[in-house]
Amino acid sequence: MSELITTDCGDTTLDCLQKLIAYSHLTSNVPDSTKPNKLLIVRIVETICGCFTGPQTDESVQLQIIKALLTVMTSQHVEVYEDDQRDLRANGDSGGGREREA
């Protein structure tokens, strides 16, 4: 029963993050309050990626992870730069993103 609750909470949480990003309530220009030299969106992407625990991750959670990451990458209000990708890779996440426009 606790697995079901965890999966439901994970689905709901990821869905909420995805919607906050999609509707521009979370943007890329907000600094992380715990690490001022880092952007909040980087920590959000790290959190989203951290929900994947391997092949045993529930398929509905995997779908929500993909939806949230696609929303980050396609949002007009979020910019993930090359430096942010390096930060994500250094923390063990796969990273990915758009390059900074010249």
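Cys 49 is buried, with a relative accessible area of 14%, and its sulfur lies 8.7 Å from the closest cysteine sulfur, that of Cys 51, which is too far for a bond. This is a reading of a predicted model, in which the protein comes to 4 helices and 0 strands. Confidence is uneven along the chain, with the lowest mean in helix α4 and the highest in α3, and the points below should be taken with that in mind.

**Cysteines**

- A disulfide is a covalent bond between the sulfur atoms of two cysteines.
- The count of disulfides in the model comes to 0, and for Cys 49 the reason is distance, because the closest cysteine sulfur, in Cys 51, is 8.7 Å away whereas a disulfide would require the two sulfur atoms to be within 2.5 Å.
- Cys 16 is partly exposed, at a relative accessible area of 41%, whereas Cys 49 counts as buried at 14%.

**Overall architecture**

- Read along the sequence, the elements follow the pattern α-α-α-α, and they include α1 (2-22) and α2 (40-50), which are joined by a loop, as well as α3 (residues 59-74) and α4 (residues 82-90).
- The protein has 102 residues, of which 33% count as buried, and it exposes about 6,700 Å², with carbon and sulfur atoms supplying 55% of that area.
- Among contacts with a separation of 6 or more, 49% are made by residues 24 or more positions apart in the sequence.

**Nonpolar core**

- The largest nonpolar core has 15 residues, and those with the most contacts inside it are Ile 21, Ile 41, Ile 44 and Ile 48.
- Helices α1, α2 and α3 each supply at least two residues of this core, and α2 gives the most, with 6 residues.
- Ile 44 is in contact with Leu 17, Ile 21 and Leu 26 when its neighbours within four places in sequence are left aside.
- Thr 71, which is placed in helix α3, is buried at a relative accessible area of 11%, and beyond residues up to four places away in sequence it touches Gln 18, Ile 21 and Ala 22.
- Ile 21 therefore appears in the contact lists of both Ile 44 and Thr 71, a residue that counts as buried because its 11% falls under the 20% limit.

**Salt bridges**

- Side chains of opposite charge can pair when their charged atoms come close.
- The model has 3 salt bridges by count.
- Asp 15 pairs with Lys 19, the closest N and O atoms being 2.9 Å apart, and both residues lie in helix α1, 4 residues apart, which is about one turn of the helix; Lys 19 counts as partly exposed, at 38% relative accessibility.
- Asp 32 pairs with Arg 43, with the closest N and O atoms 3.3 Å apart. Because Asp 32 lies in the loop between α1 and α2 while Arg 43 lies in helix α2, this pair ties together parts that are 11 residues apart in sequence.
- The two partners of that bridge differ in their surroundings, since Asp 32 is buried at a relative accessible area of 2%, whereas Arg 43 is partly exposed at 31%.
- Glu 46 and Lys 38 meet through their side chains in a salt bridge of 3.1 Å, N to O, and both ends count as buried, Glu 46 at 16% relative accessibility and Lys 38 at 13%.

**Backbone at Ser 24**

- Most residues other than glycine have a negative phi.
- Ser 24 has a positive phi of about 65° although it is not a glycine.
- Ser 24 lies in the loop between α1 and α2, and at 29% relative accessibility it counts as partly exposed.

**Confidence**

- The protein averages a pLDDT of 78, and 71% of the residues score at least 70.
- By element, the mean is lowest in helix α4, at 55, and highest in α3, at 93.
- Residues 1-5 have a pLDDT below 50, and this stretch has 0 contacts in the model beyond near neighbours in sequence.
- Residues 93-102 also have a pLDDT below 50, but this stretch has 24 contacts in the model beyond near neighbours in sequence.
- Where pLDDT is low, the predicted coordinates should not be read in detail.

Key: Residues are numbered from 1 along each chain as its sequence is written. This is a predicted model: local features need pLDDT of at least 70, side-chain atom pairs count only at pLDDT 80 or more; totals for chains, interfaces and linings use all residues. Side-chain values use heavy atoms; hydrogens and water are left out. Buried means under 20% relative accessible area, exposed over 50%, partly exposed in between (1.4 Å probe, protein chains only). Contact means heavy atoms within 4.5 Å. Accessible areas come from the Shrake-Rupley method with a 1.4 Å probe; for residues, only the protein chains shown count as cover. A salt bridge is a side-chain nitrogen of Lys or Arg within 4 Å of a carboxyl oxygen of Asp or Glu. A nonpolar core is a set of buried Ala, Val, Leu, Ile, Met, Phe, Trp, Tyr and Cys residues joined through side-chain atoms within 4.5 Å. pLDDT is the predictor's confidence in each residue, from 0 to 100.
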